[in-house]
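Subject: Handing over a structure, with notes

Dear colleague,

I am passing a structure on to you, and my notes on it come underneath. Please have the sequence and the model open while you read.

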2 protein chains.
Amino acid sequence: MAQRTSGSSPRPGEARPVARINGAAAHELDPLRAIPEATIARLAVYLRVLSAITEGDTTVVSSDELALAAGVNSAKLRKDLSYLGSYGTRGVGYEVGTLIGQLSGALGLLQDRSVAIVGLGNLGQALSGYAGFASRGFRIAALFDADPARIGTTIRGLTVRDVAELGHYVAVEGISIGLIAVPVTAAQEVCDALVAADVTSILNFAPTVLSAPEGVDIRKVDLAIELQILSYHEHRKSARPPSALVRGRAQAQLGDR
Amino acid sequence: MAQRTSGSSPRPGEARPVARINGAAAHELDPLRAIPEATIARLAVYLRVLSAITEGDTTVVSSDELALAAGVNSAKLRKDLSYLGSYGTRGVGYEVGTLIGQLSGALGLLQDRSVAIVGLGNLGQALSGYAGFASRGFRIAALFDADPARIGTTIRGLTVRDVAELGHYVAVEGISIGLIAVPVTAAQEVCDALVAADVTSILNFAPTVLSAPEGVDIRKVDLAIELQILSYHEHRKSARPPSALVRGRAQAQLGDR
DNA sequence: GCGACTTTGTGCAGGCGTTCACAAGCGGCT
DNA sequence: AGCCGCTTGTGAACGCCTGCACAAAGTCGC
């Protein structure tokens with residue numbers, strides 16, 4: 001979340017007095033503007049569900065169907081999609097191919113992005129082998145580690161480089177996203193190195209809070225915290241075994257994140 | 001998120017007419033009640049930061065110090081902690097040991113919890129070796145897989161069992177949390193098996209939406225989605241290179257999740 | 001013992017996100 | 001051609017969360 005300077009303050013030059021041209025909202029003209037953070041995460045889910053649908057011969061989906069498959073409310077889904085513009089047909093639904101194109105465009109997936117993985121312990125190696133990356137246009141372009149025993153080895157066709165050469169390879173490969181999978185003690189250091197190399201998006205797997213200058217996006221994946229959240233709910237459940245089953249949630253998946 | 005039946009409807013037996021005894025709010029008497037979901041995730045972060053602090057010889061922290069280390073606003077931190085009750089001393093701060101105890105209690109970490117990992121591919125193996133689990137009282141009690149080539153092998157001292165025997169071991173080991181690290185195609189099936197075995201908390205790493213009956217908490221960790229969220233921001237950044245650096249965020253870490 | 005200083009705990013207002021409910025719009029049937 | 005049914009797109013209300021600002025409350029020094 002963070003604060004995200006509320007209005008994004010449109011510069012005086014581009015006045016934009018509630019621009020609205022023949023029923024098209026302003027954001028349709030400028031699809032890069034102001035999609036709520038919570039929506040972004042769901043758009044990625046919709047995209048995945050749609051990809052699964054293309055396997056069959058369905059060419060049109062209604063918001064109800066898609067919402068069910070994505071595990072969300074259909075009103076929410078329509079509102080989410082409306083941030084991209086109006087690509088549905090009333091009385092019919094959404095054309096799958098069109099929607100996939102729009103979602104991909106909005107998420108910036110039409111251009112391939114190169115990612116680097118720093119740290120090739122168990123987790124880093126698992127990440128390097130994760131098939132889900134390539135299928136969404138993410139190219140693992142470089143692997144880095146600080147352990148001399150690992151440097152020079154080949155993992156899934158890529159040579160592990162010395163993290164000291166990070167800047168060089170980031171520039172050469174045009175890497176814009178970095179994955180940090182190193183021990184806590186080295187995480188901030190690696191983060192600084194990535195920032196220094198002009199990587200502006202970081203996904204951090206180390207269980208620690210990183211700090212970076214503004215303009216750099218940091219997201220974290222923290223397994224221990226996920227478990228502790230589950231533990232909390234588990235604790236509550238066991239503390240009031242009877243009648244306490246009034247916890248509303250049919251198709252869970254706890255949003256947040 | 002999900003809806004979470006707002007009031008949790010206190011049972012008629014325990015009337016509780018806005019209970020407030022000498023300045024202590026009701027939730028202090030019943031620490032299991034109503035902590036906002038967003039707060040829970042942060043409590044786990046505070047706990048980790050505090051643990052790091054105990055390494056030194058500091059025994060007291062102020063909300064400002066702790067907030068800085070945790071990467072949040074100090075007002076938010078105080079409000080978060082206030083859900084646990086009043087354990088700070090005005091003019092001084094919070095006693096580290098006490099706070100750790102309270103946080104651990106609230107998150108249900110005082111009792112050890114047994115977890116099972118289903119699926120021992122790259123990711124599952126990495127998870128089984130993750131040190132951060134044990135240090136927070138999570139005991140990896142069983143490993144399951146469906147691949148005959150993996151069943152019977154030993155990973156970090158634990159024998160991999162046939163997923164068909166899941167129910168048996170879950171009962172014997174008292175497992176309450178299950179980690180799903182299997183391919184998408186098997187995820188729902190494994191989820192159902194866990195639910196059938198009375199596992200009521202699930203952490204899903206497979207990139208798919210799972211459905212489970214209410215009362216079962218499901219959280220997901222989806223790497224591809226994390227990357228797509230970063231991709232979106234990366235896309236926006238590159239689309240308006242100049243002046244667009246008004247993105248407020250000094251010590252990022254995008255809350256949500 | 002008292003005053004000044006420090007830090008907590010929280011009331012309140014504002015913003016963001018979710019949900020409902022319905023008007024607008026499109027296709028198909030007669 | 002006109003009507004009917006279906007589905008989208010969105011205005012508006014609600015609720016949760018955040019952040020400010022300040023009163024309450026404790027400590028330290030004299």
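What follows takes the sheet of chain B and then the surroundings of DNA strand D.

This is a predicted model, in which local features need pLDDT of at least 70 and side-chain atom pairs count only at pLDDT 80 or more, while totals for chains, interfaces and linings use all residues. Residues are numbered from 1 along each chain as its sequence is written, chains are lettered from A and ligands numbered from 1 in the order in which they are written, and side-chain values use heavy atoms, with hydrogens and water left out.

In chain B, seven strands form an open sheet of mixed pairing, in the order β6-β7-β5-β4-β8-β9-β10. Strands are DSSP runs of E with at least two residues, helices are runs of H or I with at least four, and both are numbered from the N terminus; two strands pair if DSSP finds at least two bridges between them. β6 (154-155) and β10 of chain B each have a single partner strand and stand at the edges, so one side of each is left without a neighbour in the sheet. At one edge, β6(B) pairs with β7(B) (residues 158-162) in the antiparallel sense over two bridges, and B:T154 has B:T159 as its bridge partner. Helix α8(B) (residues 166-173) packs on the sheet, touching β4, β5, β7 and β8 of chain B, where contact means heavy atoms within 4.5 Å.

At the other edge, β9(B) (residues 201-204) and β10(B) pair in the parallel sense over four bridges, and B:I202 is partnered by B:I218. In β10(B) (residues 217-220), B:D217 and B:R219 on one side and B:I218 and B:K220 on the other are all buried, that is, under 20% relative accessible area with a 1.4 Å probe and protein chains only.

Turning to the DNA, 26 residues lie around DNA strand D, and A:S63, A:Y94, B:R42, B:K79 and B:R90 come nearest; a residue counts as near if one of its heavy atoms lies within 4 Å. Sugar and phosphate make up 65% of the atoms of this strand that come within 4 Å of the protein. An N or O atom in the side chain of A:R78 is 2.8 Å from a base nitrogen of DNA strand D, whereas a polar backbone atom of A:G88 is 3.0 Å from a phosphate oxygen. The largest share of the surface near DNA strand D, four residues, comes from α4(B).

With best wishes

Notes. Buried means under 20% relative accessible area, exposed over 50%, partly exposed in between (1.4 Å probe, protein chains only). Axes are lines fitted to C-alpha atoms, for helices over the stretch in contact, and angles run from 0 to 180 degrees between N-to-C directions. A polar contact is a pair of N or O atoms within 3.5 Å; within protein, one must be able to donate a hydrogen and the other to accept it, and residues adjacent in sequence count only if both atoms are side-chain atoms.
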